[in-house]
Amino acid sequence: TQALLAATLTGIGIIGMIALTWRFARFERLNWVLVSWAGLMLAGAIATYQGIFGGWIWALIHICPLWLGLSGLGYGITGIGMRSRLFLILAFIHLLTISLLPLVPDWKPLITGLVISGSAFLIAEFQWDANGVCGYQLQGVEAEDLVAIAQPQH
């Protein structure tokens, strides 16, 4: 039941992420980042679901490194696309955590949850350096372009 609920929520999250950010991502020419995240999260949900219901024991045994790796890869892609050091640092932290998990075998789920949720908290609470995107540098951007993204399309 929990796996079905998690897969459903992941699917809703992917659809919501695309629906809420597609126009902005297109304006910033970052749709490839958005599609990459959607693909990574879909792959993780499928691997988790298959691990539980399809007998992919490897996926269950390595569920923490799997999700840390997918999230780290997503943050790395975002860091490259947005030219953001914060996202690249988060990618490094995720990948470093994978190598440290064997040192704390009983705490893998807790450590994984703290890193993933802590990263989301950092992104939400701190201003990130998005060099050249997200309004960081507005030179050369016309006012009508900014108005065009703010207005919904019909």
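Which backbone nitrogen lies 2.6 Å from a polar atom of the side chain of Asn31? To find out, open this predicted model and select Asn31, whose place is in helix H2. The backbone nitrogen in question belongs to Arg26, and 2.6 Å separates this atom from a polar atom of the Asn31 side chain.

**Around Asn31**

Keep Asn31 selected and display its surroundings: once the neighbours within four places in sequence are left aside, Asn31 is in contact with Trp22, Ala25 and Arg26. Colouring by accessibility should show Asn31 as buried, because its relative accessibility of 14% falls under the 20% cut-off. Next add Ile18, which is 13 residues from Asn31 along the chain, and draw the distance between the two C-alpha atoms, which comes to 9.2 Å.

**From H2 to H4**

Now select the whole of helix H2, residues 31-53, together with helix H4, residues 63-82. The axes of H2 and H4 are 9 Å apart and the two helices pack at an angle of about 175°, so that H2 and H4 are roughly antiparallel to each other. To see the contact itself, show side chains on both helices: on H2 the contributing residues include Trp32, Trp37, Leu40 and Met41, while on H4 they include Leu66, Trp67, Leu70 and Ile77. Sorted by class, this contact of H2 with H4 holds 14 nonpolar and seven polar residues, with no charged residues.

**From H4 to H5**

Leave H4 on display, hide H2, and bring in helix H5, residues 85-100. Here the axes of H4 and H5 come within 7 Å and cross at roughly 160°; H4 and H5 are therefore roughly antiparallel to each other, and their crossing is left-handed. Among the residues that meet across this pair are Pro65, Leu68, Gly72, Gly76 and Met82 in H4, and Phe87, Leu90, His94 and Ile98 in H5. By class, the contact of H4 with H5 comprises 11 nonpolar and eight polar residues, and again no charged residues.

Before leaving H4, select Ser71, Tyr75 and Thr78, which belong to the H4 side of the contact with H2 and are also listed where H4 meets H5.

**The whole chain**

Finally, zoom out and colour by secondary structure, which comes to seven helices and zero strands, the elements running α-α-α-α-α-α-α from the N terminus on. Of the 154 residues of the chain, 31% count as buried. Among contacts with a separation of 6 or more, 63% are between residues 24 or more positions apart.

Terms used: Residues numbered from 1 in each chain as written. Predicted model: local features only at pLDDT ≥ 70, side-chain atom pairs only at ≥ 80, totals over all residues. Heavy atoms only, no water. Axes fitted to C-alpha atoms, helices over the stretch in contact; angles between N-to-C directions. Helix = DSSP H or I, 4+ residues; strand = E, 2+ residues; numbered from the N terminus. Parallel < 35°, antiparallel > 145°, perpendicular 65-115°, else oblique. Left-handed = near helix turned anticlockwise from the far one by under 90°. Contact = heavy atoms within 4.5 Å. Nonpolar A, V, L, I, M, F, W, Y, C, P; charged D, E, K, R; others polar. Buried < 20%, exposed > 50% of the residue type's maximum accessible area, 1.4 Å probe, protein only. Polar contact = N/O pair within 3.5 Å; in protein donor to acceptor, adjacent residues only side chain to side chain.
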